[in-house]
Amino acid sequence: MSDSHKTGPLKIAVAGLGTVGAGVLKLLERQADLIGQRCGRRIEVVAVSARSRGKDRGIDLSAVEWYDDPVALAAHPGADVVVELIGGSEGPAKETVELALERGRHVVTANKALLAHHGTALAAKAEAAGLAIGFEAAVAGGIPIIKGLREGLAGNRVSEVHGILNGTCNYILTEMRTTGRDFADVLADAQKLGYAEADPSFDIDGVDAAHKLAILTSVAFGTPVDFKSVHVEGIRHVSAVDFDYADALGYRIKLLGIARRTDHGIEQRVHPCMVPKAAPIAAVDGVFNAVIAQGDFVDRVLFVGRGAGEGPTASAVVADLIDIARGRSTPTFGVPAAQLSEAQPSPMEARRGSYYVRLMVVDRPGVIADVAAAMRDQNVSMEQFLQRGRAPGEAVPVVLTTHDTDEAAMQRALATIAAKESVVEPPRMIRIEQF
Ligand SMILES: NC(=O)c1ccc[n+]([C@@H]2O[C@H](COP(=O)([O-])OP(=O)(O)OC[C@H]3O[C@@H](n4cnc5c(N)ncnc54)[C@H](OP(=O)(O)O)[C@@H]3O)[C@@H](O)[C@H]2O)c1
């Protein structure tokens with residue numbers, strides 16, 4: 001391969017010139033001298049591909065070859081690296097990456113969906129051919145968490161990684177808390193401001209965070225990427241009143257991705273959590289992301305920064321390109337793909353911890369006793385109980401928290417409570433994490 005000479009420029013072909021692709025070209029142009037000094041060679045864009053050739057992207061494309069088809073670009077004879085910035089787990093993004101590897105090109109991508117679904121197979125293919133796949137930008141945007149785990153913490157056994165992995169959700173939850181507005185209202189505003197997509201479901205239903213968590217889990221624990229084992233819940237059911245109760249109970253509400261080694265296997269879950277106000281992650285607001293890793297020698301490490309956007313994501317993509325230009329290589333997920341060790345996924349029912357539950361119940365004698373009995377029958381011990389105001393004969397909110405209990409017992413208690421005629425809405429439950 002031409003880049004093995006490491007004298008001439010590293011030649012790259014870029015598929016996708018949207019937010020990230022255009023950002024990468026701008027960064028490479030603006031920092032060309034700095035990058036040249038840091039790598040001892042320049043990084044040169046030789047070819048690009050996007051859907052619409054005529055679109056003004058604020059970048060000069062006059063000196064690069066244009067491809068309508070990104071898969072054809074992957075076979076560009078002069079490229080050392082193909083940078084895939086199209087997106088999607090299947091279709092042109094996957095075909096582009098596969099062909100690039102077949103043709104002996106290194107790959108850099110920001111595509112978490114692709115890696116969550118096909119990461120292990122692609123890593124095996126790359127490593128068999130002596131090629132790199134860089135994906136720093138795929139998890140938490142500008143935060144160097146992949147390098148942080150794979151390189152900075154390489155001497156540790158990691159027992160847990162958790163974090164705020166979706167800036168759209170964190171923005172919505174922060175706005176709901178600080179303004180008291182409802183989910184739908186804040187989401188509509190986030191869409192107007194460009195913080196949420198026209199179809200926001202990937203973000204707000206937790207799928208995007210789950211893609212990133214599956215990748216983090218693999219890097220943290222040396223296991224194959226196992227997206228299908230991630231338990232995923234989004235933020236649609238978090239209500240404005242939950243923020244008031246959380247505040248009164250000493251918590252903040254965050255959508256977290258949590259990967260943990262337990263006696264039952266590896267837990268991977270994405271769902272809204274209540275975290276103590278004093279926990280460092282509770283203070284990470286707005287569009288910011290954060291990841292906390294727990295290593296046996298280093299103890300806790302916290303990474304915070306911007307998880308998306310043109311500049312931060314381009315910063316991560318270019319860091320991967322610089323590694324390749326310098327000739328640095330690391331197994332894709334920290335250990336060679338052939339040695340990733342299968343691990344038992346821990347079922348959600350095995351989660352142990354405390355819970356916040358909000359009920360709408362008819363305010364009449366005996367209802368609370370029924371709720372308490374359903375909890376007692378499953379050995380769930382209640383810690384706090386809040387009922388604000390009275391409205392005899394009408395529906396009122398009642399909130400309770402529990403001591404540590406098993407998820408399976410909690411779910412059985414909630415099913416019994418939901419079936420009661422005096423409980424007028426499905427119970428809402430938020431797991432409490434005492435970090
Ligand atoms: N945006 C972020 O902040 C961010 C952060 C982290 C990771 N990522 C990831 O980075 C990737 C790109 O995201 P983005 O936000 O830059 O997306 P985007 O703005 O929608 O850009 C996608 C680009 O791909 C091109 N494209 C789409 N389908 C194509 C096809 N069939 N053939 C050729 N080109 C095609 C589009 O062409 P046209 O421009 O002509 O339409 C566009 O240039 C995704 O995997 C995303 O998950 C994004």
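**Exercise 1. Find which polar atoms of the protein meet oxygen atoms of the ligand in this predicted model.**

Solution. Start with Thr19: one of its polar backbone atoms is 3.0 Å from an oxygen atom of the ligand. Move on to Val20, where a polar backbone atom and a ligand oxygen are 2.9 Å apart. Then look at Lys112, which contributes a polar side-chain atom at 3.3 Å from an oxygen atom of the ligand. With a cut-off of 3.5 Å for a pair of N or O atoms, the Lys112 pair counts as a polar contact.

**Exercise 2. Work out how much of the ligand the protein covers, and describe what surrounds the ligand.**

Solution. Taken on its own, the ligand has 900 Å² of accessible area, and the protein covers 78% of that. Next, turn to the neighbours: the ligand is surrounded by 23 residues, and Leu17, Val20, Ser52, Arg57 and Gly309 are the closest. Now sort the shell by class, and you will find 10 nonpolar, nine polar and four charged residues. Finally, place the ligand in the protein: the space it takes is the largest pocket.

**Exercise 3. Describe how strands E11 and E12 are arranged, and find the bridge partner of Gln294.**

Solution. First locate the strands: E11 spans residues 288-295, while E12 spans residues 299-306. Check their direction next; the two pair in the antiparallel sense, over eight bridges. Then follow the chain from one strand to the other: three residues lie between E11 and E12, and the two strands form a hairpin. To finish, pick out Gln294, whose bridge partner in E12 is Arg300.

Key. Residues are numbered from 1 along each chain as its sequence is written. This is a predicted model: local features need pLDDT of at least 70, side-chain atom pairs count only at pLDDT 80 or more; totals for chains, interfaces and linings use all residues. Side-chain values use heavy atoms; hydrogens and water are left out. A residue is near a molecule or strand if one of its heavy atoms lies within 4 Å of it. A polar contact is a pair of N or O atoms within 3.5 Å; within protein, one must be able to donate a hydrogen and the other to accept it, and residues adjacent in sequence count only if both atoms are side-chain atoms. Accessible areas come from the Shrake-Rupley method with a 1.4 Å probe; for residues, only the protein chains shown count as cover. On a 1 Å grid over the protein atoms alone, a cavity is a set of points where a 1.4 Å probe fits but cannot get out, and a pocket is an open set with protein on both sides within 12 Å along at least five of seven lines; lining residues have an atom within 4 Å of a point. A molecule sits in a cavity or pocket if more than half of its atoms lie within 2 Å of its grid points. Ala, Val, Leu, Ile, Met, Phe, Trp, Tyr, Cys and Pro count as nonpolar, Asp, Glu, Lys and Arg as charged, and the others, Gly among them, as polar. Two strands pair if DSSP finds at least two bridges between them. Helices (H or I, at least four residues) and strands (E, at least two) are DSSP runs, numbered from the N terminus.
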